[in-house]
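Here's a quick tour of one protein model, with the ligand up front and the aromatic rings after that. Keep the picture open while you read.

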Amino acid sequence: MAQYTFEPFKIKAVETIPLTTHAARERFIRDAGYNIFLLAGETVTIDFLTDSGTSAMSDHQWAGMMEGDECYAGSRNFFHLQAVVRDIFGFERFVPTHQGRGAEQVLFGVVAHPGKVIPNNTHFDTTRANIEARGNTALDLVIPEGLEPTNRHPFKGNMNIAALRQLIEQTGVENVPLVMMTITNNAVGGQPVSMANIRETKALLAPYGIPLFIDACRYAENCYLIQQREEGYRDKSVKAIARELFAYADGFTMSAKKDGLVNIGGLLATRDPALFEQIQNRLILTEGFPTYGGLARRDLEAMARGLEEALDENYLTYRVGQVRYLAERLLEAGVPIVEPPGGHAVFLDAKRFLPHLPQSQFPAQALVVALYLAGGIRAVEIGGVMFAQKDAATGETHYPALELVRLAIPRRVYTQSHLDYVAEVIARVYAERQQVRGLRLVYEQPRLRHFTARFEMV
Ligand code: F0G
């Protein structure tokens, strides 16, 4: 039997959950073109669309919001955030940004001149889009195990170091302005990256002089999984693990909407003084002055406090335990998921869940629609809708290796009974999976099409 980890908090404010009928949901999803991004939040019962910006803040964070000093330059809340960033990440030079893609947009605006190649273990959609929008190539070099849903490798998010070496040699050092590592590796299932892999990546890059940037949004979950899974880290604190990990990095971007436990905010840091100057200048153009970076100062205070709370090991045990609990309940019902579960979400394997649907009928998107219809659960597709690419020359569509449905669990929001409800609904859909119908794409945008695409049922 799946074991649930006790919530290390009690509830001080509550928010009503919308309950809907099957008939109403049929209407809502049809009107939304079978795209859950186009649903009104008030039509969703359990919202697992994302763990980003959906956390519940603590009383300590809310109290900090009242202590926001809303001055334009040099707010005390910036200096608090600076002390926390120095303490956790060991970086002196950083700017706040409005969210993760704000940091990406500033960084790539400075370093990614057209024609460059930027590898990552796996780029998230906004990172890829920010790189490609500037005429660069975004490459994914995850280890092969990362693309095998049932392979129980403990660090499936790892970078394929041999492939990275080969890429640098073939492309030329001058064409690789930086290498990124996304921790945890969201797009392949929230899978962690090992300390050994980060150390080896850094060792490969150092002689070439190529900087290593961490995409750090879920770094606390990644460091917790290093503590739990990697030899030699059992007795180290998660914070000490984070300090070691970031010591290998030359910079990082972070969406603080994940492990910063805030509803909005991001960070961009570098050790390079010249790059930092360019970043600050660019930031002023697009985000704001370097001591607020597109945020209210009260948001900086909430971020400073949230970054510290996310390293509380009782919290992390509960957090990652909640993900594992949902995964185990689904495995008990025979539901195919990506194993082992990662840090922030359970990923359903739609290819095995709906083997009767070809990739051209978007099995993962079809499963997302089925979960909404069955129980008002909003999940998100990470498959052909998000990542399929059309060959400009032949017009042929290349589908990604994985068709996944991500059930991203917001931090400190849902309780065990909510997870039990989700597990029961999914088990029911699985029992009746033959009835799930495929989808046909009827409208799309050229970039990031998953946000606005519309479908019809086949
Ligand atoms: N990098 C990763 C790995 C992400 O998962 C995200 C966002 C970003 C960068 C961009 O950050 O949203 O603050 O601009 N991921 C969200 C998600 C949207 O649902 O996984 P952002």
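## Around the ligand

This is a predicted model, so take the picture as a computed one. There are 17 residues around the ligand, and Thr-50, Arg-101, Ser-255, Lys-258 and Arg-406 come nearest. Below you'll find who touches the ligand, how the rings pair up, and where one arginine sits.

**What the shell is made of**

- Sort the shell residues by type and you get two nonpolar, eight polar and seven charged.
- Which helix gives the largest share of the shell? That's helix α4 (residues 100-111), which supplies three residues.

**Polar contacts with the ligand**

- Ser-255 uses its side chain: an N or O atom there is 2.6 Å from an oxygen atom of the ligand.
- Gln-99 also reaches in with its side chain, placing an N or O atom 2.8 Å from a ligand oxygen atom.
- With Gly-100 it's the backbone that does the job, as one of its N or O atoms lies 2.8 Å from an oxygen atom of the ligand.
- How much of the ligand does the protein cover? On its own the ligand has 470 Å² of accessible area, and the protein covers 94% of that.

**Rings that pair up**

- The count of aromatic pairs comes to 17.
- One of them joins Phe-91 and Phe-252, with 5.2 Å from centre to centre and 85° between the planes. Planes over 60 degrees apart count as edge-to-face, so that's the label for an angle like this.
- Why does the pair tie together parts that are far along the chain from each other, 161 residues apart in sequence? Because Phe-91 lies in the loop between α3 (76-89) and β2 (93-97), while Phe-252 belongs to strand β7 (residues 251-255).
- Are these two buried or exposed? Both Phe-91 and Phe-252 are buried.
- Ring pairs also link up into a cluster made of Phe-89, Phe-91, Tyr-219, Phe-246 and Phe-252.

**Charges over rings**

- Phe-91 turns up again here: the charged end of Arg-271 sits over its ring, 3.9 Å from the centre.
- Arg-412 has its charged end over the ring of Tyr-315, 6.0 Å from the ring's centre.

**A look at Arg-282**

- You'll find Arg-282 in helix α10 (residues 273-286).
- Its relative accessibility is 27%, so Arg-282 counts as partly exposed.
- Arg-282 and Val-110 are 172 residues apart in sequence, yet their C-alpha atoms are 7.5 Å apart in space.

Technical notes: Residues numbered from 1 in each chain as written. Predicted model: local features only at pLDDT ≥ 70, side-chain atom pairs only at ≥ 80, totals over all residues. Heavy atoms only, no water. Phe/Tyr/Trp six-rings, centres within 6.5 Å; stacked < 30°, edge-to-face > 60°. Helix = DSSP H or I, 4+ residues; strand = E, 2+ residues; numbered from the N terminus. Buried < 20%, exposed > 50% of the residue type's maximum accessible area, 1.4 Å probe, protein only. Lys NZ or Arg CZ within 6 Å of the ring centre and 35° of its normal. Near = heavy atom within 4 Å. Polar contact = N/O pair within 3.5 Å; in protein donor to acceptor, adjacent residues only side chain to side chain. Areas by Shrake-Rupley, 256 points an atom, 1.4 Å probe, with all protein chains shown as cover. Nonpolar A, V, L, I, M, F, W, Y, C, P; charged D, E, K, R; others polar.
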